[in-house]
Structure formats: C-alpha cells, structure tokens
Amino acid sequence: MMQGLMTALIIKHFVSDFLLQTPYQYKNKGIFLHPGGLLHGVITIASTAVVLVVFKVPVSLWPTILVVEFLVHYGMDFAKVRLNQRMGWTASTHNQFYILLGFDQMVHYLTYIWIVYWVTLQVA
C-alpha cells in the first residue's frame, strides 16, 4: 500500500505542480498571500486529498497531512520565486535557476516521503 501511495503522490505532484498550474498561479507565487499562489497551494492539497481518499487514509490524519503539505509547498514556492527574483536568476541566463528548481522539487518529494511515513506510523 505504501509504495502505491508514494507513486500516487508523485503522479499527483506532476499533475498539480505542472499540468494544472496556470500563469496566474506561477506569476504571482512571489507575492506573499497573493490569491494565485494560494490557489496553487489549495490545488496541491486538494489533489493530495483525492489520493488520501483512494488509499483510504483515515480522515483523522488529513488535517496534519494537508496543513503540513500546504505550508511546506507554499513556503518553498514563495521562497524559490523570491530568491530567483532577488538574484536575477532566470531559466535562460543562470544555472542557479535550475539548481533552485531541483531543490524545490526535492523538498516537495521529501514532503511526500514524510506523508507516507506519517501514515505508516499512524495506521500501524
């Protein structure tokens, strides 16, 4: 079950972080509490909720999982955009842009590892 949960979280990450993210969301993630960035965070945790339903994760675990994921995801995205802006890093001019993008993705995947670990601890 846990391998399936991790696989589903990775797939939902691709869908919510890339396929469903619109210019309105990614262009405004560097403005603290802008509705575009908040919307992206809500889409991220809503898609996680779908995965939790499919894998029958007890609803009692959802608040912790969804709040932690929202805070980490929103905070990482905000920090990434602000650092890129402050340093003047862009995709076409600086390798650091891609290093930071990779770090951002690693943080998101580490969040999913934590979710699987948290669920494992709670349902064991």
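Here are some friendly notes on the helices and loops of this predicted model.

1. Let's begin with the pairing of α1 and α3. Helix α1 covers residues 2-19 and helix α3 covers residues 35-54; the two pack at an angle of about 150 degrees, and their axes lie 9 Å apart. Angles over 145 degrees count as roughly antiparallel, so α1 runs roughly antiparallel to α3. The crossing of α1 past α3 is right-handed.

2. If you want to look at that contact in your viewer, the α1 side consists of L5, A8, L9, K12, S16 and D17, while α3 supplies H40, I43, T44, S47, T48 and V51. Sorted by class, the contact of α1 with α3 holds 5 nonpolar, 5 polar and 2 charged residues.

3. Helix α3 also packs against helix α4, which spans residues 62-87; here the angle is about 145 degrees and the axes are again 9 Å apart. This crossing, of α3 past α4, is right-handed.

4. Which residues of α3 and α4 meet? From α3 come G37, L38, H40, G41, V42, T44, I45, T48, A49, L52 and V53, and from α4 come W62, I65, L66, E69, F70, H73, Y74 and D77. The class count for the contact of α3 with α4 is 11 nonpolar, 6 polar and 2 charged residues.

5. A word on helix geometry. Helix α4 has 26 residues and reaches 37 Å from its first C-alpha to its last, close to the 38 Å expected at 1.5 Å a residue. Helix α5, residues 95-123, has 29 residues and a reach of 43 Å between its first and last C-alpha, close to an expected 42 Å. Just after α4 comes G88, with a positive phi near 75 degrees.

6. Helix α5 has a good number of entries to check for burial: L100, D104, Q105, V107, H108, T111, Y112, I115, V116 and V119 are buried. An α-helix has 3.6 residues a turn, so residues three or four places apart point the same way. The cover over the buried residues of α5 includes α1, α3 and α4.

7. V123 is also part of helix α5. At 42% relative accessibility, V123 is partly exposed, because values between 20% and 50% fall in that class. Leaving aside residues up to four places away in sequence, V123 touches M2, P58 and L61. For a distance check along the helix, the C-alpha atoms of V123 and Q96 are separated by 41 Å, with their positions 27 residues apart along the chain.

8. The loop between α2 (23-26) and α3 contains H34. Is H34 buried or exposed? H34 is buried, with a relative accessible area of 18%, since buried means under 20%. Apart from residues up to four places away in sequence, H34 touches Y24, N28 and Y74. Y74 also appears among the α4 residues that meet α3.

9. Two backbone points may catch your eye in a phi plot. Most residues other than glycine have a negative phi. L33, though not a glycine, has a positive phi of about 65 degrees; L33 sits in the loop between α2 and α3. K56, likewise a residue other than glycine, has a positive phi near 55 degrees, and its place is the loop between α3 and α4. K56 is exposed, with a relative accessible area of 71%.

Methods:
Residues numbered from 1 in each chain as written. Predicted model: local features only at pLDDT ≥ 70, side-chain atom pairs only at ≥ 80, totals over all residues. Heavy atoms only, no water. Axes fitted to C-alpha atoms, helices over the stretch in contact; angles between N-to-C directions. Helix = DSSP H or I, 4+ residues; strand = E, 2+ residues; numbered from the N terminus. Parallel < 35°, antiparallel > 145°, perpendicular 65-115°, else oblique. Left-handed = near helix turned anticlockwise from the far one by under 90°. Contact = heavy atoms within 4.5 Å. Nonpolar A, V, L, I, M, F, W, Y, C, P; charged D, E, K, R; others polar. Buried < 20%, exposed > 50% of the residue type's maximum accessible area, 1.4 Å probe, protein only. Expected span 1.5 Å × (residues − 1).
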